[in-house]
Amino acid sequence: MPAPAPLLTDDPAANRRVWAEQLRRPDWNLVPHSGGRTQECPNPWEVGYAIAFAYWPSSAAVREEVLDVMDIEDEIMLGCYGLGDESGAFDPAELPDRIRRIVLMVAQSARSAPPYPARDEEDARDILAGLPGDDRWNLYMLSSLPITLWEYDPSPMRGAVLAPAEVARLIADILDAAPPSLLAPPDDPL
C-alpha cells in the first residue's frame with residue numbers, strides 16, 4: 001500500500017517525525033504525490049527534501065523568494081526540519097551509543113575495504129573511513145555515502161555493511177534522537 005500523503009506543518013520537530021516515519025516504511029524511498037504518483041528517491045536525504053518540497057506549507061514561498069536555484073534545497077531543508085545547517089551537521093558525541101556504534105561500524109568497514117576503481121566510490125569510502133576522527137557528522141553524508149558503496153557492491157568486503165533500508169532507519173534514528181547541535185537555535189526574541 002502506498003504511503004499516505006505526509007502532513008507537514010510549520011513545526012520543525014513534527015516535520016522531522018514525519019520524515020523519520022517515512023524512512024521506517026518498507027517503501028521508504030517512494031514519496032507519494034497527488035493523483036497516486038510516487039517519486040522514487042535514491043537516499044534518505046532526498047526523501048526528506050521531496051517530502052518538504054511537496055508538502056511543507058512554506059515550500060512555495062521559499063521557491064518564490066530564493067533567487068538562486070541551488071539554494072532552494074538548503075532553505076527548504078533548514079526551514080522545514082529546523083536543521084542547524086544545510087547539510088544537517090551535528091556533534092556525534094550527542095548521539096546515543098547504539099546509533100554512534102552503527103556509524104562507527106560503517107566507518108570500520110570502509111577503512112577495511114580495498115580501494116575502489118571509481119572515483120565516487122573511492123571518495124565515499126575515504127569519507128566514511130575518516131568518520132571516527134571527525135568532530136562533525138552530517139545527515140546528508142550519512143544518507144548517501146553508505147548507499148553509494150552498497151550500489152557499487154553490497155559485499156561487506158567492499159565496505160558496504162548497511163543496505164539502503166538500514167541506512168534509512170539509521171537516519172530515522174538520528175532524527176528521533178535530535179542531537180542538539182543538529183537543530184537550529186530558536187529565534188531570539190525581539
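**Which residues touch the most other members of the largest nonpolar core?** The answer is Trp19, Leu23, Leu139, Leu142 and Ile174. The legends below start from the whole chain and then move to single residues. The model is predicted.

**Figure 1. The whole protein chain.** The protein chain holds 8 helices and 4 strands. Read from the N terminus, its elements follow the order α-β-β-α-α-α-β-α-α-β-α-α. The radius of gyration is 17 Å, close to the 16 Å that the globule rule gives for 190 residues, so the chain is as compact as a globular protein of that length. Along its principal axes, the C-alpha trace spans about 50 × 45 × 30 Å. Distant parts of the sequence meet here. Take the contacts between residues at least 6 apart in sequence: 65% of them join residues at least 24 apart.

**Figure 2. Surface, interior and charge.** Of the 190 residues, 46% count as buried. The protein chain exposes about 9700 Å². Carbon and sulfur atoms supply 55% of that area. The chain carries 15 positive and 32 negative charges. The mean positions of these two sets are 8 Å apart.

**Figure 3. The largest nonpolar core.** This core has 53 residues. Trp19, Leu23, Leu139, Leu142 and Ile174 touch the most other members. Seen by element, α1 (12-23), α2 (44-55), α4 (69-81), α5 (97-112), α6 (119-129), α7 (139-152) and α8 (164-177) each give two or more residues to the core. A general trend is worth recalling here. In soluble globular proteins, nonpolar side chains tend to be buried together.

**Figure 4. Leu139 and the residues around it.** What does Leu139 touch, not counting residues up to four places away in sequence? Its partners include two tryptophans, Trp19 and Trp45. Leu83, Ser87, Gly88 and Phe90 are also among them. Ile171, Ile174, Leu175 and Leu182 complete the list. Two of these partners, Trp19 and Ile174, are named with Leu139 among the core residues that touch the most other members.

**Figure 5. Val106 in helix α5.** Val106 sits in helix α5. Is Val106 buried or exposed? Val106 is buried, because its relative accessible area is 4%, and the limit for buried is under 20%. Leaving out residues up to four places away in sequence, Val106 touches Leu128, Pro146, Val161 and Leu162. Pro146 lies 40 residues from Val106 in sequence. In space, the C-alpha atoms of Val106 and Pro146 are 7.6 Å apart.

**Figure 6. Two acidic residues of helix α8.** Asp173 and Glu166 both have their place in helix α8. Asp173 counts as buried, at 15% relative accessibility. Beyond its neighbours within four places in sequence, Asp173 is in contact with Arg24, Arg98 and Ile99. Glu166, at 32% relative accessibility, counts as partly exposed. How far apart are the C-alpha atoms of Glu166 and Leu23? They are separated by 9.4 Å. Along the chain, Glu166 and Leu23 are 143 residues apart.

**Figure 7. Glu122 in helix α6.** Glu122 belongs to helix α6. Glu122 counts as buried, with 13% relative accessibility. Setting aside neighbours within four places in sequence, Glu122 is in contact with Pro115 and Tyr116. Ala110 is 12 residues from Glu122 in sequence. From C-alpha to C-alpha, Glu122 and Ala110 are 9.7 Å apart.

**Figure 8. Glu94 and Ala178.** Where is Glu94? Glu94 lies in the loop between β3 (89-90) and α5. Ala178 is in the segment after α8. These two residues are 84 apart along the chain, yet their C-alpha atoms are separated by 8.7 Å. Glu94 is partly exposed, at 30% relative accessibility. Ala178 is also partly exposed, with a relative accessible area of 23%. Look at the backbone of Ala178 too. Ala178 has a positive phi of about 45°, although this residue is not a glycine. Neighbours within four places in sequence aside, Glu94 is in contact with Pro179, Pro180, Ser181 and Leu182. Leu182 appears in Figure 4 as well, among the residues that Leu139 touches.

Methods
Residues are numbered from 1 along each chain as its sequence is written. This is a predicted model: local features need pLDDT of at least 70, side-chain atom pairs count only at pLDDT 80 or more; totals for chains, interfaces and linings use all residues. Side-chain values use heavy atoms; hydrogens and water are left out. A nonpolar core is a set of buried Ala, Val, Leu, Ile, Met, Phe, Trp, Tyr and Cys residues joined through side-chain atoms within 4.5 Å. Buried means under 20% relative accessible area, exposed over 50%, partly exposed in between (1.4 Å probe, protein chains only). Contact means heavy atoms within 4.5 Å. The radius of gyration is taken over C-alpha atoms; the globule rule is 2.2 Å times the number of residues to the power 0.38. Accessible areas come from the Shrake-Rupley method with a 1.4 Å probe; for residues, only the protein chains shown count as cover. Lys and Arg count as positive and Asp and Glu as negative; His and the chain ends are not counted. The place of a charge is taken as NZ of Lys, CZ of Arg, CG of Asp or CD of Glu.
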